[in-house]
Every structure is written in structure tokens, then in C-alpha cells.
Amino acid sequence: MRRMRVTSALFLMATVILACALPSLATPESVPVATIAAQTMQALSTIVTPAASPAATSIPTQLASPTSAPAAASSLLPRSLYFLNNDKNGIVQIFRIERDGKTIHQITFEPANVASYDISPKDGSVVYISNNQMFLVDVNGAGRRMLVDGGPVNDNDRFTNSVGSPAWSPDGQTIAFSHGGLNFYSVGSGAINNVLTNQIDNSAGFPVVREVYSPAAYSPDGSKLLINIGFYEGGTLGIYYLANNTFVRFNRADGGNVCCSATWVPDGSGLYSASSVIGMIDSGLWYINAANGDATTLLPGSAPDGTYNFAEAPQIGPDGKLYFFFNNLPQIPTSGHTPMYLVRSGTNGVTGRAQLKPDLFQNINEVLWAPDASLAVVAFAPVQDVYQGGEAEIVYPDTRPNVVLTSFAENMRWGP
């Protein structure tokens, strides 16, 4: 399951700079193999279990195993892999790598950058945002039709009319998206239902963001929707409940925000949220009860022994274990990227935690786990100061070496 990252409201609207960060990818033959910068940081410590940790009873001790269609024996990937990159004209488009891990197809051919997108879990249809419009195409990019036209973007109030963040429901019948708030588009009827309106304060004569809402991902059963809640600076996460049209923010007992990457557990009863940086938000690992949004701190950013915990991309495997990237350091890294190890533990992030590979992974920008945790596709930044996308490599939770898929990928998604 893919991970979700919440950022400030201003950053969410800054996708216009995306094209400047992406190398061109015209055809499979033209893809150069980028050289990732050599590791510049040494392992600062071995994995340390914090002295104090919550009781294992605070979260489920055994979670239902995810299911996924078995891949063919010759397949490198469990499913086709979608991502954003520049085309030969420098315009951001959607591309797909087939299960062989080699064949690349360009799916969209827009005259303006594709800002965000999602893949239907039912038939592979692609919904995406370009030029402040939401479009739908079939699995191969054909049959293009416009679903929503946001009109020209008002640079003085992008939070009101910007269209973005489409997310398919598991049954393929509804697309959640942001446009002045949280909306649902019915694929069958074309009807649009606005359920949350962005909170913008115009009392000073110019817009000041209080809260803006955008969808992240449905729960596996489609009954709940993870949403990003953006503030003027920073943000948090929440859950929208479709049955009674209500939503709650993630709640920490200490009043702090829960951030930044979040993943549904297979049965939809909760989520894991992780943060690998300390700054405006805390680092650490949390479990969120989907019934009420209450967050249990599993790995506090500031551990009781004076060290710091960092976590990224938690994923439950079919063995009921938690797989994630982790490090415990004696001090806060000076870089925006924390060097991480790949580990496996019990569901509380502590019990039986073991390092799975000797590698210290540098400059992780994005992680997409296979649904069965058999592998992760990781986008590594070429240098420390790049924080979007990078060389996409398969990382296995065993002794197999990494496999490079493409020189650049961002906003990766699995096909059905």
C-alpha cells in the first residue's frame, strides 16, 4: 500500500515547480541510468530499542494479511508501476513500468504538467489533474475525457479553486478530490458532492489558511478516507467516515500533530503513521485507531534515553509483522534526509525488532511497498538537498541486491 505525506498548505499548492526537478523520460531506450550520489554519512549507531515503550495491547497484536494477485514467475514486479516524470519536451506526464521491470509506456500526453493522479483498483483507469482540470483515461491512456474544470487558477486564492489530489474508491465508483475542500465525484452519474469546505480567513483583506482538506487514500473496505489537513504552516491527518459524513483529526494525548507518512492496516481498523525528520513536526512512529482517530506513540521522536527515533514507510506483511525503515541516533541529523535501516518487528514497532539488511539507506524520498511486503520500490534523491523523487530501485527485505527500475520516478502508484 502506498504511503501518504502531509505538508503545509502552501507546499501542497506549489506543484507548479515540479517540472524543474524532473529529468526527461521519452522512451525506454532514452532512459539514462543515473548515478546516485555516494553515501556521505556513516552509520551513527546500531538499532536501539527505546527504554520505554507502550504496551503491545495498545494496538492489535495480529493483523489480517493483505491479499494481492500473484505475479507471473518471470515478473520482477507484483503489479505494473506508475510514476511521474518529464517527457521529451520537459512536461510532467504519467508513465508505467510493466511487471517485467523493463518495459516503459507513456500514459498521458498533456500540454501542461500532470500535477497528481491515481489508478483505479478495478480496471486500471487513470484519473489525473492537469491545467487545473481533472481528466479520466483508460488503462492505456485512451478515451480522454474531462471530469472537472476548475477554470483559471486565482494566484491570490489558490486554495479556493485549485483542483487536485484525486483518489479512487476501492470499488472504482467514486473519485475523491480537492476543490475548495473535499469532494466526491460519482463515476456513474457525474454528480459532485462537496463534504468539507476549506477554512480560509479573508478578514485581513487577503486569504490566510486556517485548514484546507484533500484526500489521501481510502481504507481497504472503502468505508473511510484518510485526508490531509493543511495549515498555513505544517499540517496533520484525519479520517473522513463515509457512513455518517463526519471526520476526526488524529489525536495525540500530548496535543502534538501526527505526521507524515500513513498506511492503512489490511483490515482497515487502523493506520500506522511515521516521520523520519524533526522540525516543525516530531519524528517517530504511531498507531492510529480508525474508530476514533486516537494515536498511540510507539516510538517517540525523543526517546527516554536521550536519543532520537526516526521511522519511515510502515507496512504490515502477511506474517503479521511490521516492516519499516528506522534509525535511532544520538543526535538530530543536519541533513533533511535521515539515514535509515530496513527492519521488521512486532506490531508495536519494538518487540523483536531486527535489522533485515546491512545497508544504510541514504536520501530516501519515497517508498512504495508491495501489498505483501515482498519488496519496496524506493526513490533515492541524487543529492541530499533534493526532496522529491529520485532513482527508483527495488529494495528486498532479504539478501537480494537492489534492482534499478528507472533513473527518476515520483509519486509512484501500483496498478491493479
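Q: Which residue of β25 stands opposite Phe325?
A: Keep in mind that this is a predicted model, where local features need pLDDT of at least 70, side-chain atom pairs count only at pLDDT 80 or more, and totals for chains, interfaces and linings use all residues. Residues are numbered from 1 along each chain as its sequence is written, and side-chain values use heavy atoms, with hydrogens and water left out. β24 and β25 pair in the antiparallel sense over five bridges; strands here are DSSP runs of E, at least two residues, numbered from the N terminus, and pairing takes at least two DSSP bridges between them. Across from Phe325 in β25 sits Leu342.

Q: In what order do the four strands of the open sheet come?
A: Seven bridges join β23 to β24 (residues 322-329), running antiparallel. At the other pairing, β25 and β26 are linked antiparallel by two bridges. Put together, the open sheet reads β23-β24-β25-β26.

Q: Why is one side of β23 and of β26 left without a neighbour in the sheet?
A: β23 spans 308-316 and β26 spans 354-355. Both stand at the edges, so one side of each lacks a neighbour, as each has a single partner strand.

Q: How many of the five residues of β25 are buried?
A: Buried means under 20% relative accessible area with a 1.4 Å probe, counting protein chains only. Strand β25 covers residues 341-345 and is largely enclosed by the rest of the structure. Its buried count is four.

Conventions
Buried means under 20% relative accessible area, exposed over 50%, partly exposed in between (1.4 Å probe, protein chains only).
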